[in-house]
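Q: I'd like a close look at one part of this protein, with the surroundings filled in as you go. Here is the model I have open.

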Amino acid sequence: MNMKSFYLVALAAVALPATAQEVVDVDSVAVADCEIPTFDTEEMCKTIVRPDSVLIYNGEGKMQISVYGEDGNADYFYNYEHFTADDDVETVTQGDWDLTRLIPGHNNNRKAMFCVESGGFGFGLINDANHQPGLEVDMGSSFEVFMQKLVAVRYRPARSGFSISAGVGFGMKNYRMTGSVRFVKDDSHLVLKPYPEGADPKFSRVKVGYFCLPVTLCQDLGKGFRIEGGAVVNFNVCAKMKSRYMLDGEEHTYKDDNLHQRKTTVDIFGHLKYRSIGMYVKYSPMTVLDTNFGPDFKHFSCGLTLFY
């Protein structure tokens, strides 16, 4: 590897003095996306994912970089040496908060790029947003689980840390009541009715399964933090109802899987993450069920995400 290849080694979150030897634990060294300086000779690009440690020596006219271990291979070793000249320029970027990323056009000298990603596991609690009388959706037992980015494409138009993501995923929402009323199917309508006299209620719930298309705007803040927000279009493919209670010592279960849910709904989504863990909030301004056949209720949710 020649001298120019050194510019392609990204050692993020490290600040070193002009002459120093230091071992640095880093989470990832990935430089395949870096902008390559223009030279007369062909450039090379080395990518090392999640090394165990990186040793940098710069002094006595020599620059040496040694990488120990990589993702899935603890025995990996990479070494690079270069004899420096007086006019060589060394640039070090510290892994600190970089709020200048939020300024449009600031340091915007990297070529646009696309990448494909997968992930976005989430779990959160659901609550009724419009508080319709009689509808006692319990946030302690109503929940949703989802994988919003089974497959997603991210477009980074600039070096500012801004990106746009669009993908496809799936999920399930469980609206559960534990109070004195239950969901009952009356002909083609889903209505709210009290339990039979003397009954001991267990739960009554509506469960909705869906595929989704999330479209979000993302901004990297530095130090592993990212914020994003956007819309999630849900295609609700199924909805089921179940109620369960005890009466005279016997368990009674009443269920129906032919509900009239709204086929398409849109959620407003906000997300703050640190590396692979995050927190989200979601608000659905559209009713869950077709109001011609069921109660009029909207919801919001909040929870945690993993590998988003």
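Could you start with Val266: is it buried, partly exposed or exposed? And what lies around that residue?

A: Val266 comes out as partly exposed, since its relative accessible area is 29%, and buried would need under 20%. Keep in mind that this is a predicted model, with every value computed from it.

Let's place the residue. Val266 sits in strand E13, which covers residues 264–274. Leaving aside residues up to four places away in sequence, Val266 touches Ala231, Val232 and Val233, and also Tyr283, Ser284, Pro285 and Met286. Take Val232 as an example: 34 residues separate it from Val266 in sequence, yet the two C-alpha atoms are 5.6 Å apart.

Now step back to Thr265, which is in strand E13 too. Thr265 is buried, because its relative accessible area is 5%, below the 20% limit. Once residues up to four places away are set aside, its contacts are Val232, Val233, Asn234, Asn236, Met286 and Thr287. If you compare lists, Val232, Val233 and Met286 turn up for Val266 and again for Thr265. A longer reach along the chain takes you to Tyr210, 55 residues from Thr265, with 9.8 Å between the C-alpha atoms.

Thr265 also brings us to a cavity. The structure has two cavities of 30 Å³ or more, and the largest holds about 70 Å³ of space. Thr265 is one of the residues lining that largest cavity, along with Asp267, Asn234, Asn236, Ser284, Met286 and Thr287. The rest of the lining is made of Lys173, Tyr175, Val208, Val288 and His299. Strands E7, E11 and E13 each put at least two residues into this lining. In terms of chemistry, the lining has six polar residues, four nonpolar and two charged. Ser284 and Met286 are worth a second glance here: both line the cavity, and both touch Val266.

Two of those strands show up again in the packing. The largest nonpolar core has 16 residues, and Phe183, Leu190 and Val206 touch the most other members. At least two residues of this core come from each of strand E7 (162–177), strand E8 (181–186), strand E10 (200–222) and strand E11 (225–247). There is also a second, separate core of nine residues, with Val54, Met63, Ile65 and Tyr80 among them.

While you're on E10 and E11, look at the loop between them, where you'll find Lys223. Lys223 has a phi near 60 degrees, a positive value in a residue that isn't glycine. It counts as partly exposed, because its relative accessibility is 41%, which is in between the 20% and 50% cut-offs. The next loop, between E11 and strand E12 (250–256), holds Asp248. Asp248 isn't a glycine either, and its phi is positive at about 55 degrees. This one counts as exposed, because its relative accessibility is 73%, over the 50% mark.

Carry on into strand E12 and you meet Asp256. Asp256 is partly exposed at 22% relative accessibility. Not counting residues up to four places away, Asp256 touches Lys185, Lys240 and Met241. Lys240 is 16 residues from Asp256 along the chain, and their C-alpha atoms are 5.9 Å apart.

What about the cysteines, in case you were wondering about crosslinks? A disulfide is a covalent bond between the sulfur atoms of two cysteines. The search of the whole structure turns up zero of them. For Cys218 the reason is distance: its closest cysteine sulfur is in Cys115, 9.9 Å away, so it is too far for a bond. Cys218 is buried, with a relative accessible area of 1%, whereas Cys302 is partly exposed at 32%.

Finally, some context for the chain as a whole. Its secondary structure amounts to 15 strands and zero helices. Of its 308 residues, 40% count as buried. Among contacts in the chain with a separation of 6 or more, 62% are between residues 24 or more positions apart. The pairing of Val266 with Val232 is a handy one to look at with that in mind: the two are in contact, and they are 34 residues apart in sequence.

Conventions:
Residues are numbered from 1 along each chain as its sequence is written. This is a predicted model: local features need pLDDT of at least 70, side-chain atom pairs count only at pLDDT 80 or more; totals for chains, interfaces and linings use all residues. Side-chain values use heavy atoms; hydrogens and water are left out. A nonpolar core is a set of buried Ala, Val, Leu, Ile, Met, Phe, Trp, Tyr and Cys residues joined through side-chain atoms within 4.5 Å. Buried means under 20% relative accessible area, exposed over 50%, partly exposed in between (1.4 Å probe, protein chains only). Helices (H or I, at least four residues) and strands (E, at least two) are DSSP runs, numbered from the N terminus. Contact means heavy atoms within 4.5 Å. On a 1 Å grid over the protein atoms alone, a cavity is a set of points where a 1.4 Å probe fits but cannot get out, and a pocket is an open set with protein on both sides within 12 Å along at least five of seven lines; lining residues have an atom within 4 Å of a point. Grid points are joined across faces, edges and corners, and a volume is the space filled by probe spheres set on the points. Ala, Val, Leu, Ile, Met, Phe, Trp, Tyr, Cys and Pro count as nonpolar, Asp, Glu, Lys and Arg as charged, and the others, Gly among them, as polar. A disulfide is a pair of cysteine sulfur atoms within 2.5 Å.
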